Amino acid sequence: MSPHALPDVGSDPRRLVPLDAVHNFRDLGGYPTHDGRTTRWRVLFRADGLYRLTRADLDRVRELGLRTVVDLRTHGELADRGTFPHQHHPVDFHHVPVIDETWSPDDGLHEVDAADFLEAAYRSMLDGTPERFADAFVRLCAADALPAVFHCAAGKDRTGVLAMLVLGSLGVQREFIAADYALTEAGMQRMREWSLREFPDLHERITATPAVFSAAVPEAMMRMIDHVEGEYGSIRAYVRSIGVPDAAVDRLAAALLEE
């Protein structure tokens, strides 16, 4: 699907939570479902590395009233970089590492088609550790979990796959799921600009990695939706198959969807 065919979901000023050191903290509200409902604003969020929150950032995040943080990063990432500062803003913090290792640079990846690479990577995540995605999903469905945020390092890949499963299981229209995913492209650019200004060494590492690592190609997400629906009939059926109870999805829908 051409990016021009996607709905404009980024122009609403409620979408992006503006922060200094976290660049991809976004509200999942305002997305229509197939049955005519819409996801509520200020209930569920997706984000990048929340360990980078500054004091001013945390003051802004406090205004959201977060109760739950689900961190999808690896054990190594937590050990190296830390976590959401829950000692300064108490939340129910859940570490659910949906993959064991992050991607490693490879010279051959510089010539790989981004959509092909991302589709294969996302399929590998779901094929490899579906029970971990189910665990993360169920954490968001707890009766007292919301408002909640789930995140990884860049808020793109692991976060994007979980967002697809959550939104898709609630019946959000596929073009809105893909459009939401595509917003991460701007988030990655904000991260590059911030790292150039604040941490040149980090910026150098980012720019040295293959471009496909930073890409957020909506075609890859559309293919993932096609794959899941083709194999299972619906995203809701898929999440059921990996261990997310219908009652949990129904509870999340009751809290997140409005007429």
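These are my notebook entries on the cysteines, the nonpolar cores, one strand and one helix of a predicted model.

**Cysteines**

I looked for disulfides first, taking a pair of cysteine sulfurs within 2.5 Å as the cut-off, and the count came to zero. Cys141 is in no disulfide, since the nearest cysteine sulfur, that of Cys152, is 19 Å away. I then checked from the other side, and the sulfur of Cys152 has its closest cysteine sulfur in Cys141, at 19 Å, which is too far for a bond. As for exposure, Cys141 is buried with a relative accessible area of 1%, and Cys152 is buried with 2%.

**Nonpolar cores**

I next asked which residues have the most contacts inside the largest nonpolar core. They are Phe137 and Met164, in a core of 64 residues. Several elements each supply at least two residues of this core, including α3 (114–128), α4 (130–141), β6 (148–151), α5 (158–169) and α9 (218–232). Listing the neighbours of Phe137, and leaving out residues up to four places away in sequence, I found that Phe137 touches Leu162, Leu165, Val166, Ser169, Val239, Val244, Val249 and Leu252. Another core, of 16 residues, lies apart from the largest one, and Val17, Phe45, Leu58 and Leu64 are among its members.

**Strand β3**

Because Phe45 had come up in the second core, I turned to strand β3, residues 44–47, and asked which of its residues are buried on each face. Leu44 and Arg46 are buried on one side, and Phe45 and Ala47 are buried on the other, so both faces of the strand are covered. I noted for myself that in a regular strand the side chains alternate between the two faces of the sheet. On pairing, β3 and β1 (residues 26–27) run antiparallel and are joined by two bridges, with Asp27 standing opposite Phe45. β3 and β6 run parallel and are joined by four bridges, and here Arg46 stands opposite Phe150.

**Helix α4**

Finally I went back to α4, the helix that spans 130–141. With 12 residues, α4 reaches 17 Å from its first C-alpha to its last, close to the 16 Å expected at 1.5 Å a residue. Its buried residues are Pro130, Phe133, Ala134, Ala136, Phe137, Leu140 and Cys141. Why do the buried residues of α4 line one face of the helix? Seen down the axis, they fall within an arc of 165°, so they line one face. The general rule I kept beside this is that an α-helix has 3.6 residues a turn, so residues three or four places apart point the same way.

How values were computed: Residues numbered from 1 in each chain as written. Predicted model: local features only at pLDDT ≥ 70, side-chain atom pairs only at ≥ 80, totals over all residues. Heavy atoms only, no water. Buried < 20%, exposed > 50% of the residue type's maximum accessible area, 1.4 Å probe, protein only. Core = buried A, V, L, I, M, F, W, Y, C linked by side-chain atoms within 4.5 Å. Contact = heavy atoms within 4.5 Å. Pairing = 2+ DSSP bridges. Expected span 1.5 Å × (residues − 1). Arc of directions from axis to C-beta.
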